[in-house]
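Visitor: Please take a close look at a single leucine for me, and then set that residue against the other loops and the chain as a whole. I would like one connected account, with each term explained where it comes up.

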Amino acid sequence: MAADLPSSSWHALLCLVLFSAVAVSSSAMDCDGDDRAALLRVKAQLGDPVQLSSWLPATNCCAWEPPAVFCSAAGRVTWLALSSLDGVRAPVPPALGELPELVILQVQSVRGLSGPIPPSFGNLTRLEDLNIAGTSISGPVPDFLAGLTSLRTLVISNGKLTGPIPGCLGSLPDLRYLDLSGNMLTGGIPPGLLHGSFRFLILANNQLTGEIPSDCGDDDVDTLNLSHNRLVGDPSPFLFGVTKPVAKVDLSWNELEFDMTGVSFPHHLTFLDLSHNRINGSVAKSLMDVKLEHFDVSYNGLCGEIPAGRFMSAHGAESYDQNRCLCGTPLPPCTTGMLGR
């Protein structure tokens, strides 16, 4: 599996910020009748899972337990979180699209949830955070998501999505967190998918091909995880540079090919995984000035003496495993024959 980049904590923080803006306590006035009716249809379409047994007619849906429903002061449902629902064997409920005031929709760890995302989701025009993870949702990433112009976060991960990433997602003006990892997506990565500051692009564990778009090296990118795909080319000219603010880069398990020798890696980097590619040259000396919490260039074609000193002492031999002819600490000492290969 690809290394787990610690971006989930940022996403949780974003949800808390959104929650404070859109939700109030369950003691709010009774929920809107149309919203309650829509939620009851959601429950029925899910097959009446036991975890939703408190969802009953003629009761205040803002007080339903477990705490999955949050309402505005006006009693409108603004946040719905469905997770770990046992026994569900159903398609994605179309009734979810009948909650027009939703700002946050989270569906997590419901493996029996299947089928495509229904067109009714196109009605959720106030949605800022759509997070669907750990389901069996299939079909393409729907084009109609590009009509949800308030989206800041789009996560549809660890499912069964197929087909290309639609380039029209780039028209979402505030989208800055995109996670489509763990699916079966194919084709290239469209340019211009993200906007704003502090961007996260997580497309790991798919079947994506082609080159990495140059805008992935924009100054506002914080996290880039494109591991376990079939990407090719040389992203180093636009992705790396001493002053780049990017903090986490995972490009492992691809088919990238470039000479690392003179690459200047950003001083802000804390996570760098370039393992299982076709990278050649020698280990870049610029890495001596980068304090990395995770570093891996194993399974490449690197050769020569590993730079010593400063932050390099933190990296063990496993970081350099299975290269062409690397030597020097933490590997065995270099010899004339090794350096001459």
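Guide: Leu-52 sits in the loop between α2 (33-45) and β1 (69-71), where helices (H or I, at least four residues) and strands (E, at least two) are DSSP runs numbered from the N terminus. The model is a predicted one, in which local features need pLDDT of at least 70 and side-chain atom pairs count only at pLDDT 80 or more, while totals for chains, interfaces and linings use all residues. Residues are numbered from 1 along each chain as its sequence is written, and side-chain values use heavy atoms, with hydrogens and water left out.

With a relative accessibility of 1%, Leu-52 counts as buried, a word that means under 20% relative accessible area, with exposed being over 50% and partly exposed in between (1.4 Å probe, protein chains only). Once neighbours within four places in sequence are set aside, Leu-52 is in contact with Lys-43, Leu-46, Leu-82 and Leu-85, contact being defined as heavy atoms within 4.5 Å. Leu-52 and Ala-74, which are 22 residues apart in sequence, are 23 Å apart from C-alpha to C-alpha. The surrounding stretch carries a UniProt annotation, from an unreviewed entry, that reads "domain: Leucine-rich repeat-containing N-terminal plant-type" and covers residues 33-65; UniProt positions are given in the numbering used here, feature names are shortened, and such annotations may be inferred rather than shown by experiment. In the model, that span is 39% helix and 0% strand, and the C-alpha atoms at its two ends lie 18 Å apart.

A second loop residue to set beside Leu-52 is Glu-98, placed in the loop between β3 and β4. Glu-98 touches Asp-35, Ala-38 and Arg-41, not counting residues up to four places away in sequence, and at 34% relative accessibility Glu-98 counts as partly exposed. The C-alpha atoms of Glu-98 and Pro-190, 92 residues apart along the chain, are separated by 31 Å.

Ser-84 lies in the loop between β2 (77-83) and β3 (90-91), and its phi is near 50°, a positive value in a residue other than glycine. The relative accessible area of Ser-84 is 42%, so that serine is partly exposed. Most residues other than glycine have a negative phi, and most peptide bonds are trans.

His-228, in the loop between β12 (221-225) and β13 (230-233), likewise has a positive phi, near 55°, but with a relative accessible area of 18% His-228 is buried. His-228 is also one of the residues touched by Ser-252, along with Ser-227, Asp-273, Leu-274, Ser-275, His-276 and Asn-277, not counting residues up to four places away in sequence. Ser-252 is itself found in a loop, between β14 (248-250) and β15 (255-256), and is buried, with a relative accessible area of 2%. The C-alpha atoms of Ser-252 and Leu-274 are separated by 4.7 Å, although the two residues are 22 apart along the chain.

Two prolines complete the tour of loops. Pro-116 lies between β4 (104-115) and β5 (129-139) and counts as exposed, at 52% relative accessibility; it touches Val-92 and Ser-138, not counting residues up to four places away in sequence. The C-alpha atoms of Pro-116 and Pro-140, 24 residues apart along the chain, are separated by 7.3 Å. Pro-330 is in the loop between β19 (325-327) and α4 (336-339), and a cis peptide bond, with omega about 10°, joins Thr-329 to Pro-330.

As for the whole, the protein chain has four helices and 19 strands, and its C-alpha atoms fill a box of roughly 85 × 35 × 35 Å, taken along the principal axes. Of the 341 residues, 55% count as buried, and among contacts between residues at least 6 apart in sequence, 47% join residues at least 24 apart. The mean pLDDT, the predictor's confidence in each residue from 0 to 100, is 91 for the protein chain, and 90% of the residues reach 70 or more. Caution is in order for two stretches: pLDDT stays under 50 over residues 1-6, for which the model has 17 contacts beyond four places in sequence, and under 50 over residues 16-28, for which the model has 23 such contacts.
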